[in-house]
Number of protein chains: 2
Amino acid sequence: MADVPFEVIREPAAMRAYAEDKRRDGMTIVVVPTMGFLHAGHLSLLREGRRRGDLLIMTLFVNPTQFGPNEDLDRYPRDEAGDLAKARECGVDIVFAPDASSMYGPLSQTSVSVSELSQPLCGAARPVHFAGVATVVTKLFHVTLPHVAVFGEKDFQQLTIIRRLVEDLDFGIEVVGMPIVRERDGLALSSRNAYLSQEQRAQAPALRRGLLAANAAFDAGERTALTLLAAAREPIEACTLGAIDYLELRDAETLEPIDTVDRPAVIATAVFFGKTRLIDNIVLGTLSVG
Amino acid sequence: MADVPFEVIREPAAMRAYAEDKRRDGMTIVVVPTMGFLHAGHLSLLREGRRRGDLLIMTLFVNPTQFGPNEDLDRYPRDEAGDLAKARECGVDIVFAPDASSMYGPLSQTSVSVSELSQPLCGAARPVHFAGVATVVTKLFHVTLPHVAVFGEKDFQQLTIIRRLVEDLDFGIEVVGMPIVRERDGLALSSRNAYLSQEQRAQAPALRRGLLAANAAFDAGERTALTLLAAAREPIEACTLGAIDYLELRDAETLEPIDTVDRPAVIATAVFFGKTRLIDNIVLGTLSVG
């Protein structure tokens with residue numbers, strides 16, 4: 001397979017023509033959608049993507065339609081030059097970095113929504129968020145024509161929604177979820193960590209401590225949701241600067257609430273530190289050995 | 001390009017694998033989506049489709065999600081054996097005829113909607129209809145991977161919605177609209193004409209007569225919507241067995257109502273004959289010579 005030169009593509013039609021060409025050449029295309037401001041979490045997705053195909057496309061687009069009117073679209077951190085350098089280092093072939101105006105024309109009015117999965121958890125506080133995500137991911141799939149798409153497990157609900165979207169709309173794309181990458185103290189990497197004050201940053205690892213406490217109780221045999229959630233809540237509530245948005249235990253596939261853990265289940269949480277909303281999750285039992 | 005044997009494919013994944021294979025071979029794929037019970041209108045789409053590509057796929061699927069709870073899903077006419085014979089005669093290579101259960105799994109919950117364009121006209125009486133259409137067309141595009149898709153202009157609003165869907169979601173598919181095929185007396189061909197009693201059938205050409213009257217007034221220089229609509233209404237209201245659902249003049253691209261025809265405009269109508277709802281439309285001025 002011939003090497004392809006590193007390139008930044010801005011126009012959706014040009015991206016699709018490029019991808020169609022490579023597909024016809026028999027290349028396996030992998031896409032890693034991002035909103036940029038890359039951290040080690042993104043880099044782990046890119047490295048996995050590199051391993052899984054011939055042509056690695058990273059998309060770099062801060063999608064306005066997945067932000068609510070009072071959210072942080074305007075201040076969302078950006079560093080395109082830095083992102084391109086990191087992408088190149090990780091072996092990305094093509095960065096697709098469109099302008100919002102080339103993604104959404106003036107008559108644009110089509111949206112994709114995944115109904116039940118988009119309601120709870122982050123969807124409750126962010127009512128338009130997941131329709132924005134499902135729509136832009138559909139568009140990005142249509143212009144990058146991937147065989148494989150790689151997403152992080154930190155956005156657990158998003159990953160669940162995308163798996164459902166791909167299945168329901170017959171995309172025929174393999175969706176790969178990658179483990180959360182963390183700071184040494186357990187804080188999940190996020191572009192939004194940059195918003196935290198020093199004091200908030202010091203308290204933020206409590207999310208992880210809470211989830212680990214619940215997981216330890218699960219490993220010790222506890223199966224009652226209320227008890228597991230109480231174990232998770234204690235360290236998080238001890239954060240004087242944090243306010244829990246949600247802390248819930250749900251079926252890991254349907255995201256329906258469950259009382260007793262008799263199937264794969266996730267505990268997911270969102271905590272506000274000031275205006276900054278951090279999320280984390282754990283699929284119970286997956287840290288156990290064998 | 002090697003000939004391909006006529007084949008009926010039932011499974012979405014098998015259809016996609018087949019289409020991917022032909023795309024990689026460099027074939028141009030044309031799809032004609034239908035709900036079967038083919039009449040001469042469908043056949044004109046198939047013949048145009050045959051002309052436009054190397055591989056002609058007809059889809060044959062009475063999509064349950066585009067029927068409302070009180071609509072005619074259960075009695076919608078079907079004749080698969082006849083349809084396959086006609087498809088073959090028109091040069092169709094592949095008929096994709098899935099079961100509803102292979103299109104919609106038990107957890108299926110993703111829908112595609114085209115908002116403003118789906119509200120008026122047929123959307124007012126059929127609130128879930130166009131989301132059902134947009135969703136199934138998205139799925140059919142994903143499994144047939146067409147370069148070109150052919151639809152009839154009789155479903156003018158549907159065609160407008162599909163053009164918008166294709167543009168908004170970056171499908172990169174050429175959408176071809178084909179003129180309405182009519183009986184000698186002007187009635188637009190429709191699978192639902194089979195529901196009409198002899199008396200209803202005798203009155204049904206009034207839709208066409210009304211639209212032609214409005215078009216004649218337009219060609220004579222009339223530009224006021226109310227006047228054009230009055231010209232169309234007279235013959236239709238003379239039908240003792242018909243009840244107008246809507247009769248409207250709208251921008252042919254945005255479907256917004258307009259008072260004065262200063263841009264491409266369509267008059268569209270739906271008329272109930274008993275439980276049977278017939279539709280027809282005319283783009284003003286398109287019958288004029290030069």
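How many helices and strands make up the secondary structure of chain A? In this predicted model, the tally for chain A is ten helices and ten strands. The C-alpha atoms of the chain sit in a box of roughly 55 × 40 × 40 Å along the principal axes. A compact globule of 290 residues would have a radius of gyration near 19 Å, and chain A comes in at 19 Å, so the two agree. As for packing, 41% of the 290 residues of chain A count as buried. Contacts also reach across the sequence: taking those in chain A between residues at least 6 apart, 70% link residues at least 24 apart.

Now to the pair of chains. Turning by 180°, with a shift of 0.0 Å along the axis, lays chain B on chain A with an RMSD of 0.0 Å. That is what a two-fold axis does.

Where the chains meet, 27 residues of chain B contact 26 residues of chain A. On the chain B side, the elements giving two or more residues are α1 (12-24), β5 (110-114), α5 (115-118), α7 (129-144) and α8 (156-168). The top contributor there is β5(B), with five residues. By character, this side of chain B splits into nine nonpolar, eleven polar and seven charged residues.

Strand β5 turns up again in the pairing between chains. β5 of chain A (residues 110-114) and β5(B) run antiparallel to each other, joined over five bridges. Within that pairing, A:Ser111 has B:Ser113 as its bridge partner. The copies meet through the same surface, because 96% of the interface residues of chain B are interface residues in chain A as well.

Terms used: Residues numbered from 1 in each chain as written. Chains lettered and ligands numbered in written order. Predicted model: local features only at pLDDT ≥ 70, side-chain atom pairs only at ≥ 80, totals over all residues. Contact = placed C-beta atoms within 7 Å. Helix = DSSP H or I, 4+ residues; strand = E, 2+ residues; numbered from the N terminus. Nonpolar A, V, L, I, M, F, W, Y, C, P; charged D, E, K, R; others polar. Pairing = 2+ DSSP bridges. Least-squares fit on C-alpha atoms with pLDDT ≥ 70 in both. Rg over C-alpha atoms; globule rule 2.2 N^0.38 Å. Buried ≥ 20, exposed ≤ 12 C-beta atoms within 10 Å, placed from the backbone.
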